Amino acid sequence: MLTRRGFAARLTLGAAAIRMSSEMAYAQRAAAHQAEQMSSDMVWLNSNENPAGPPAVSLDAMRDALPVSGRYHYSEFNQIHKVIAGSEELAPNQIVTGAGSSEVLHTAVESFTSPTRPLISVTPAYEGPIELARALGHPVVLTKLRDDYTADVKLLAEAAVKAGGGMIYLCNPNNPTSAVVKSEEVDWLVANLPANTMLLVDEAYIHFVESPDVQSAIPYVRQGKDVIVARTFSKIYGMAGLRVGFAAAKPSIIAKLAPLQMNVVSIVSARGVVAALKDRDSILRERKAGYAKTRRELCTWLRERNVKYIEPNANFLMIDTGRNAREFISAMPKLGVAPGRPFPPLDQMLRVTIGTDAEMAKFRDVFWKVYKG
Ligand SMILES: Cc1ncc(COP(=O)(O)O)c(C=O)c1O
């Protein structure tokens, strides 16, 4: 339910002001000034999208759904939620779905931050929840990354103690660094969660992780901890334009998030997701292996040229350009490749999304031309 204060905030700020932006919106905002340089054969490596798109089984299911999409199909959603929850060994009352994970992140920020409960995260982290908290007039506390670019869970906990509680937003793997926090550290954070504090773990990129030291935080949900896990079908499943995500949490938390949900997702998208989940293991295995190979090749190529980068764990990678990266980032689109936007305070870094092998070949070519000047 919308609280009176929340309702007043909505009236004051207006709906547009409190909508959370997406990765694509941030990319477009950064690129707006260079629109005239955009060619139709531009290689887009700026929004961490998956060039493979939806799995074939999802395309078939969505084609079948289109002719019957004249109806609302609300009665199907109990079963759809059961399938999505079941894919993570959860009950339907332990999840809430949304238009991408953006929507469920939004409801978490609205529910668990306030003018006296900050959002606590690292810098840089994914901007969405941070910008939303600021737009709502809720304080934001950002802690420094460690020298290896990983989040320091002790600093996050200390910040929550200092604030008298709040919501810790931990993106694992982190966007934009592609760095991970090991499960033993997340264990510590959950065991030492300060009073009045919620932990929101954004696992948009968890499926790309190869390290055995990093596991999903969903088991904490099953254990009834104060943990919300956000997941999306936009990344490894290649369904960014279909807009499906979900949050997993214990039923009492879901009961707070669910009333803020805008609506059910489109039946076409939902049927596509259900079809993908039937083949989940093989889809994830195959896509993860393909990404790991392309990512490894790029890392090898960078190492051979003594170019530094942050060890990647997702479908993107941060490269040290050895100079302020802003000019580098605006030079590349002129040569046909659009990399990620700047991510202060990592001013030397350029984020590149892993694309197809052909796209990465073009990336290497253009990157090297700009790098060599
Ligand atoms: C870390 C992270 N969380 C959430 C999102 C939101 O994505 P979506 O709303 O498509 O699930 C993104 C988008 O790129 C992201 O990088």
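**Exercise 1. A ring pair between two helices**

Is phenylalanine 328 buried or exposed, and what is its relative accessible area? Work out also how the ring of phenylalanine 328 is arranged with that of tyrosine 371.

*Solution.* Keep in mind throughout that this is a predicted model.

Step 1. Phenylalanine 328 has a relative accessible area of 2%, and because buried means under 20%, phenylalanine 328 is buried.

Step 2. For tyrosine 371 the relative accessible area is 22%, a value that makes this residue partly exposed.

Step 3. A pair of aromatic rings is described by the distance of the centres and the angle of the planes. The ring centres of phenylalanine 328 and tyrosine 371 lie 6.5 Å apart, with the planes at 65°, and because planes over 60 degrees apart count as edge-to-face, that is the class of this pair.

Step 4. Now place the two residues along the chain: phenylalanine 328 belongs to helix α13 (residues 325-331) and tyrosine 371 to helix α14 (residues 357-372), so that the pair links distant parts of the chain, 43 residues apart.

Step 5. Both residues also belong to a cluster linked by ring pairs, in which Trp301, Phe328, Phe363, Phe367, Trp368 and Tyr371 take part.

**Exercise 2. A tilted pair**

Describe the aromatic pair of phenylalanine 233 and phenylalanine 246, and say where its two members are found.

*Solution.*

Step 1. The structure holds 13 aromatic pairs, one of which is formed by phenylalanine 233 and phenylalanine 246, with 6.2 Å from centre to centre and 40° between the planes, an arrangement that is tilted.

Step 2. Phenylalanine 233 is in the loop between β7 (227-232) and β8, whereas phenylalanine 246 is in strand β8 itself, and the two are 13 residues apart.

Step 3. Phenylalanine 233 has a relative accessible area of 3% and is buried; phenylalanine 246, at 3% relative accessibility, also counts as buried.

**Exercise 3. The sheet and its edge strand β2**

Give the order of the strands in the open sheet, and explain why β2 and β4 each have one side without a neighbour in the sheet.

*Solution.*

Step 1. The open sheet has seven strands, which follow one another in the order β2-β8-β7-β6-β5-β3-β4, and the pairing is mixed.

Step 2. β2 and β4 (140-144) stand at the edges, where each has a single partner strand, and therefore one side of each is left without a neighbour in the sheet.

Step 3. From one strand to the next, the twist averages 25°.

Step 4. β2 (residues 95-98) is joined by four bridges to strand β8 (residues 245-248), and the two run antiparallel. Along this pairing, isoleucine 95 stands opposite alanine 248, and glycine 98 stands opposite glycine 245.

Step 5. Both faces of β2 are covered, since Ile95 and Thr97 on one side are buried, as are Val96 and Gly98 on the other.

**Exercise 4. Helix α4 and what it packs against**

Which residues make the contact between α4 and α11, and at what angle do the axes of these helices cross?

*Solution.*

Step 1. Two packed helices are described by the angle between their axes and the distance between the axes. The axes of helix α4 (residues 77-86) and helix α11 (residues 267-278) come within 10 Å and cross at roughly 40°, and the crossing is left-handed.

Step 2. On the side of α4 the contact is made by Phe77, Ile80, Val83 and Ile84, and on the side of α11 by Ile267, Ala270, Val273, Val274 and Leu277.

Step 3. Sorted by class, the residues in this contact are nine nonpolar, no polar and no charged.

**Exercise 5. Unusual backbone values**

Which peptide bonds, among those that lead into proline 124 and proline 345, are cis, and where do glutamate 89 and tyrosine 149 lie?

*Solution.*

Step 1. Most residues other than glycine have a negative phi, and most peptide bonds are trans.

Step 2. The bond from threonine 123 to proline 124 is cis, with omega near 0°, and proline 124 is in the loop between β3 (119-123) and α6 (127-135).

Step 3. The bond from proline 344 to proline 345 is cis as well, with omega near 10°; proline 345 lies in the loop between β10 (337-338) and β11 (349-353).

Step 4. Glutamate 89, in the loop between α4 and β2, has a positive phi near 55° and is exposed, with a relative accessible area of 64%.

Step 5. Tyrosine 149, in the loop between β4 and α7 (153-163), has a positive phi near 70° and counts as partly exposed at 27% relative accessibility.

Technical notes: Residues numbered from 1 in each chain as written. Predicted model: local features only at pLDDT ≥ 70, side-chain atom pairs only at ≥ 80, totals over all residues. Heavy atoms only, no water. Axes fitted to C-alpha atoms, helices over the stretch in contact; angles between N-to-C directions. Left-handed = near helix turned anticlockwise from the far one by under 90°. Contact = heavy atoms within 4.5 Å. Nonpolar A, V, L, I, M, F, W, Y, C, P; charged D, E, K, R; others polar. Buried < 20%, exposed > 50% of the residue type's maximum accessible area, 1.4 Å probe, protein only. Pairing = 2+ DSSP bridges. Phe/Tyr/Trp six-rings, centres within 6.5 Å; stacked < 30°, edge-to-face > 60°.
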